[in-house]
Amino acid sequence: MKVSGFIWLIQQVYMIIIASLMFWLNILLGFVFLGTTFSFKRTFAYLGGNYYDKYRERTKEVELKFEWSNLILLFIIGVFVLASHFPLSNLGTFLILVSSAYFVLTLIYIIFKTYYRLEKFTDVMQKLMGNWSMAIYSLMLILLAIFLTDFNRVWFLFFVPGLFCKMIDISFKHLDKKKVKVND
């Protein structure tokens, strides 16, 4: 069924809003400790289908399970929050910068792990090392999401997770096709 450009745009905005709300709901369902990877998996599964698919059908194979990357992410956030509450010193600034860098690197790791459905750390790292352009693109999107967080909290809640995952999905598919064409 062919739809006009305006209706397609409305459908995409609707999917992004639903994906964002489902992202936050899945983080809460995962008790924050397990929720980050679980949320990314379910959001990528939701955005992977077309508009008319049902959410439950696309995300039923995603299981909630313990993953170390979620615990590491929570620890990094804790270090950042603790370091930012003390007066700025050399150690405090160092901890803030290191925890910010590890936060971004862990998010990139989680994105690659969930998008490509990889389980082993070595598989994720091989995929990451072989796709520097995707890693740099993910980094730019994470920095944009952090910037939008400071811009408007409502925008962040309703749009950023869904838009972030949609842009990752589109760009990874495009870059994977481009890489396949170059290698053939």
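Select F112 and F172 to begin: both residues are buried (under 20% relative accessible area, where exposed means over 50% and partly exposed in between, with a 1.4 Å probe and protein chains only). The model is predicted, so local features need pLDDT of at least 70 and side-chain atom pairs count only at pLDDT 80 or more, whereas totals for chains, interfaces and linings use all residues. Residues are numbered from 1 along each chain as its sequence is written, and side-chain values use heavy atoms, with hydrogens and water left out.

**The aromatic rings**

The structure holds 10 aromatic pairs. Rings of Phe, Tyr and Trp (its six-membered ring) count as a pair if their centres lie within 6.5 Å; planes under 30 degrees apart are stacked, over 60 edge-to-face, and the rest tilted. Select F23 and W24, an edge-to-face pair with 5.2 Å from centre to centre and 85° between the planes. F23 is buried, at a relative accessible area of 7%, whereas W24 is partly exposed at 25% relative accessibility.

Return to F112 and F172, which form a tilted pair, 5.3 Å centre to centre with 55° between the planes. F112 belongs to helix α5 (residues 90–115) and F172 to helix α9 (residues 160–183), so the pair ties together parts that are 60 residues apart in sequence. Helices and strands here are DSSP runs numbered from the N terminus: helices are H or I with at least four residues, strands E with at least two.

Now extend the selection to F23, W24, F40, F44, F112, Y115, Y116, F164 and F172, which ring pairs link into a cluster.

**The whole chain**

Colour the protein chain by secondary structure. The chain has nine helices and zero strands, and 40% of its 184 residues count as buried.

**Helix α1**

Select residues 5–29, which form helix α1. This helix has 25 residues and spans 35 Å from its first C-alpha to its last, close to the 36 Å expected at 1.5 Å a residue (the expected span being 1.5 Å times one less than the number of residues). Its buried residues are Q11, Q12, M15, I16, A19, S20, F23, N26 and I27. After α1 comes F31, with a positive phi near 55°.

**Helix α5 and its neighbours**

Select α5 next. Its 26 residues reach 37 Å from first C-alpha to last, close to the 38 Å expected at 1.5 Å a residue. Just after α5, R117 has a positive phi of about 55°.

Add helix α4 (residues 68–85), which packs with α5 at an angle of about 155°, the axes lying 9 Å apart. The axes are lines fitted to C-alpha atoms, for helices over the stretch in contact, and the angles run from 0 to 180 degrees between N-to-C directions. α4 is therefore roughly antiparallel to α5 (angles over 145 degrees count as roughly antiparallel, under 35 as roughly parallel, 65 to 115 as roughly perpendicular and the rest as oblique). α4 passes α5 in a left-handed crossing; a crossing has this hand if the near helix is turned anticlockwise from the far one by less than a right angle, and is right-handed if clockwise.

Replace α4 with helix α2 (residues 35–48), which packs with α5 at about 45°, with axes 9 Å apart. That angle makes α2 oblique to α5, and their crossing is right-handed.

**Helix α6**

Which residue should be selected in helix α6 (residues 121–130)? Choose F121, found in this helix. F121 counts as exposed, at 52% relative accessibility. Add S69: the C-alpha atoms of F121 and S69 are separated by 9.9 Å, although the two residues are 52 residues apart along the chain.

**Helix α7**

Finish at residues 132–151, helix α7, whose 20 residues reach 29 Å from first C-alpha to last, close to the 28 Å expected at 1.5 Å a residue. Select its buried residues M134, A135, S138, L141, I142, A145 and L148. Viewed down the axis of α7, the buried residues fall within an arc of 140°, so they line one face of the helix; the arc is that of the directions from the helix axis to the C-beta atoms. On the other side of α7, W132, F147, D150 and F151 are exposed.

Keep M134 selected. M134 counts as buried at 1% relative accessibility. Its C-alpha atom is separated by 6.6 Å from that of F172, 38 residues apart along the chain.
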